[in-house]
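I set out below, in the order in which I looked them up, my entries on this structure. They begin with one helix and end with the chain as a whole.

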Amino acid sequence: MAIVSIRNLTRIFDVSKPWLNRLIERKPKALLTAVSDVSFEIEERTVYALVGESGSGKSTIGKMLVGLLRPSEGHVDIRGVDLAHETDAAKIESIRSDIQMIFQDPYASLNPRWRVRDIIAEPVAARGGATDGLAERLLEQVGLSARDAGKFPHEFSGGQRQRICIARALASEPKLIVCDEPTSALDVSVQAQVLNLMSDLKDQFGLTYLFISHDLTVVQHMADRIGVLYLGRLVEEADPDTLFDDPKHPYTQMLLAAAPKLDGFGREVAPPQGEIPDPINPPPGCAFNPRCPLAADRCRSERPALRTIGGSRVACHFAE
Amino acid sequence: MTSPVLTIRDLTVDIPTRHGILRPVNGVSYDIAAGEILGVVGESGAGKSMAGNAVIGLLNPPAHIATGEILLNGQRIDTLGRDAIRRLRGKEIGMVFQDPLTSLNPLLKIGDQLTETMLAHLDLTQTEARKRAIAALEEVGIPGAAQRVDSYPHEFSGGMRQRVVIALALCAEPSLIIADEPTTALDVSVQAQIIALLKRLCRERGTAVMLITHDMGVIAEAADRVAVMYAGQLAELGPVREVLAAPIHPYTDGLMGSTPLASRGKDRLHQIPGAMPRLDALPAGCAFHPRCPYTQDDCKADPGPRIEDGAGRAACFHPIAREEVA
C-alpha cells in the first residue's frame, strides 16, 4: 500500500524585486517554478529516492512532504490525509507525528546549547510524552553509548552527530522519514556506517524513507525506486537495476555517463554540454531540449507527459 | 627520466598546542612529474590539504614545517622567505580551491582579476594582459569570452566560476597546480566538465597537478598516480589503476570497499570499524592498527615502514598479497 501519494505537485516561488523597483525598472514579476507537476507514490516500507542536480526541486518536494512548505498546486496525501488542506486538527496531529526529517548538515541541525538527551527527547516532549530513558535507549540503538546523553553536540564527530539526528528522528516512532542528503557531508567510510545503520533501522522499525540525494552511487545502493528530477520535473522513474542498466530518458543517460566510475581509469568522457537552464524562464516544451541530442521540433513546443514503458515511467517523446 | 616538478621529502608539519605537539602531516614523501596528475585522497583530517598548504607556504601559524624539504623544479622552496614564496604563488604554483565564490573577489571584474595576476608576475602591458585574459577565458571554455571578461563573479554560474578560477590559476603559466577539492561543490555534470578541462590543460601544457579530493571516482578518472593518506601519513602510493583496483594497504582496501559502487548488489556496505584517531590521541605503532583486520603484534609496537623517496607502495608490515595485475 502506498503510504505517500503525491499528485500534480507544483511549487512556485515569487522571486520578484520589491514593488517600487519593478515599477521604476518596468520589470514584470519573476516567478520561479521549483517543482512542476510532479506525481509519484511511495510504497510502505520501501526507500524512494529523488535524485537530481542543484535546482532540480528535490529538497522542495521533501519540504512540502513534511509540511515545511505549502504546495502551490496539487496534493500530498500521507495515509490518505492531505496535510495542506485537512481541517481536522486531530488527524493533522496524528499524521505529523508519523513524519520526521534528517537534514544534510549535522553541524547545523543540532542546537549547540542543548544536551544530547534534550535534543533527542524533544519530538516526544513537545507532545507531552514520557521521555524517561528514551534518549539513552535510542542512543544505543544508533550505535552510540547511553552515557553520551549528557554531552553536548560539539563533543561528537560528523558521523556521530548524524547518528544523533537519526536518534532524534526515531524518537516519536515515525513511519516515514524524509532524509535530505543525509550522508553528503560525511566521509566515505563514515557514510558506509550511517547507510548501514539506516538500512538496519528501516527493517527493525518498519520505516519508509524518502531519500533525497545527488549521489547516484548512494541512491543505487539504498533505493527501491528512484525518481530523477530535472528543473522541477520528474523525467524518469524506475527501480535501480532498470534505471542504471537501461536509462531511457536522455537526461538520465547523460547523468549516468558523467558520474565518475571507480574503474574508469583514464576514461575520456565527452562531458555533458551546457548547464541547467534558468528556472524563472524555463525553455518551452521539454525542459531538457536545449541540451538534448535527440531534440526535435516537437520537444520545443510540447511538454512530454510521463509514459509507462516496461517498469519505468519516462517523460520523453522519443523514449521507447 | 626528467626530474620531477615537485618533490616532497619526509615532510612533517607540526602544530604546537598547550597540550603537546600535533602532527597533521607526518613524514610524507612524493613526487609529481611534468604533465602528471597526482591524486591525493583521504578522509577529513588525514592531512591532505595541510600537505598542499605546506607546499604553497600557506600554513596558518602556529602550524609550521618541522622537518623535510620541498623542491620545486629542483629548488628548495620550504626555506624561502615570505616575499619570495609570495612571488612563487601564482607564477610557478597555481591554486584552485573548493569554493569558487570565495576564491574570486566579488568587487572586481574577472578580467581585472586575471590581468592583475598577469601584471604581477609577467612582463606585460595592460593591453597585452587583457588580450591574454580573453584568450585564457576562451581556453577554459567560457562562451563569449570577449564580452564576459567585463562581468563580475556573481554573474557566472558555479561551474563557470570554477572555470574562471582555473583560468586564473593558469594565466601566469605555472609549472604546478594545486587543486584542493576543485569539484566538490559542483554538480555531477559540471564536475565532469571541470575534470575534463583540467585533464586537457594539464596534458597540453605539461603542467603538474596535485589533485586533492575525497572522491575516489574523480581520482580514478583523472589521476595518473594516487597517494592515499591516513592520519597524516602516506598509507599507499602508486599508479591509480593498481592502487584502486588492487589495493595492498588494508586502509585503502577498506576505503574502496565502503564505497557504494563496490558493494553493488549487496545488502550492506563494507565498513571499517571505528573512526580515524584524533591527532592528540594517535595509537602507538601503525596509526591504522586498531581498525585493521590484519593487525599483528609488530603493528602495535612499531610505526611501520614508510614510503620513502616516492618509491614503494604501501606503508604496512603485512600488505595484502595480490596477484600481479595486468
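**Entry 1. A helix and its packing.** I listed the buried residues of helix H10 (residues 250-258) of chain A in this predicted model. They are A:Pro250, A:Tyr251, A:Thr252, A:Met254, A:Leu255 and A:Ala258. I then asked which elements the buried residues of H10(A) pack against. Within chain A, I found helix H8 (216-222), E9, E10 and helix H9 (240-245). Chain B also takes part, through its helix H7 (188-205).

**Entry 2. Two of those partners.** I followed E9 and E10 of chain A further. Strand E9 (residues 225-230) and strand E10 (residues 233-238) run antiparallel and are joined by 5 bridges. I noted one bridge partner by name: A:Leu229 is matched by A:Leu234 in E10(A).

**Entry 3. The sheet.** I traced the strand order and read E6-E7-E8-E3-E9-E10-E12-E11 in chain A. These 8 strands form an open sheet with mixed pairing. Strand E6 (99-102) and strand E11 (307-309) of chain A each have a single partner strand and stand at the edges, so one side of each is left without a neighbour in the sheet. From one strand to the next, I recorded an average twist of 20 degrees.

**Entry 4. A helix pair.** I asked how helix H4 (residues 116-125) and helix H5 (residues 134-141) of chain A cross. Their axes come within 9 Å and cross at roughly 105 degrees. H4(A) is therefore roughly perpendicular to H5(A). On the H4(A) side, the contact is made by A:Val116, A:Arg117, A:Ile120, A:Ala121 and A:Val124. H5(A) contributes A:Leu134, A:Ala135 and A:Leu138.

**Entry 5. The chain as a whole.** I counted 11 helices and 12 strands in chain A. The radius of gyration of chain A is 21 Å, close to the 20 Å that the globule rule gives for 320 residues, so chain A is as compact as a globular protein of that length. Along the principal axes, its C-alpha atoms fill a box of roughly 65 × 55 × 40 Å. I found that 45% of the 320 residues count as buried. Of the contacts in chain A with a separation of 6 or more, 65% are between residues 24 or more positions apart.

**Entry 6. Confidence.** I checked the pLDDT of chain A last. The average is 90, and 100% of the residues score at least 70. Among the elements of chain A, strand E3 (residues 47-51) has the highest mean pLDDT, 95, and helix H3 (residues 89-96) the lowest, 86.

Technical notes
Residues numbered from 1 in each chain as written. Chains lettered and ligands numbered in written order. Predicted model: local features only at pLDDT ≥ 70, side-chain atom pairs only at ≥ 80, totals over all residues. Pairing = 2+ DSSP bridges. Helix = DSSP H or I, 4+ residues; strand = E, 2+ residues; numbered from the N terminus. Axes fitted to C-alpha atoms, helices over the stretch in contact; angles between N-to-C directions. Rg over C-alpha atoms; globule rule 2.2 N^0.38 Å. Buried ≥ 20, exposed ≤ 12 C-beta atoms within 10 Å, placed from the backbone. Contact = placed C-beta atoms within 7 Å. pLDDT = per-residue confidence, 0-100. Parallel < 35°, antiparallel > 145°, perpendicular 65-115°, else oblique.
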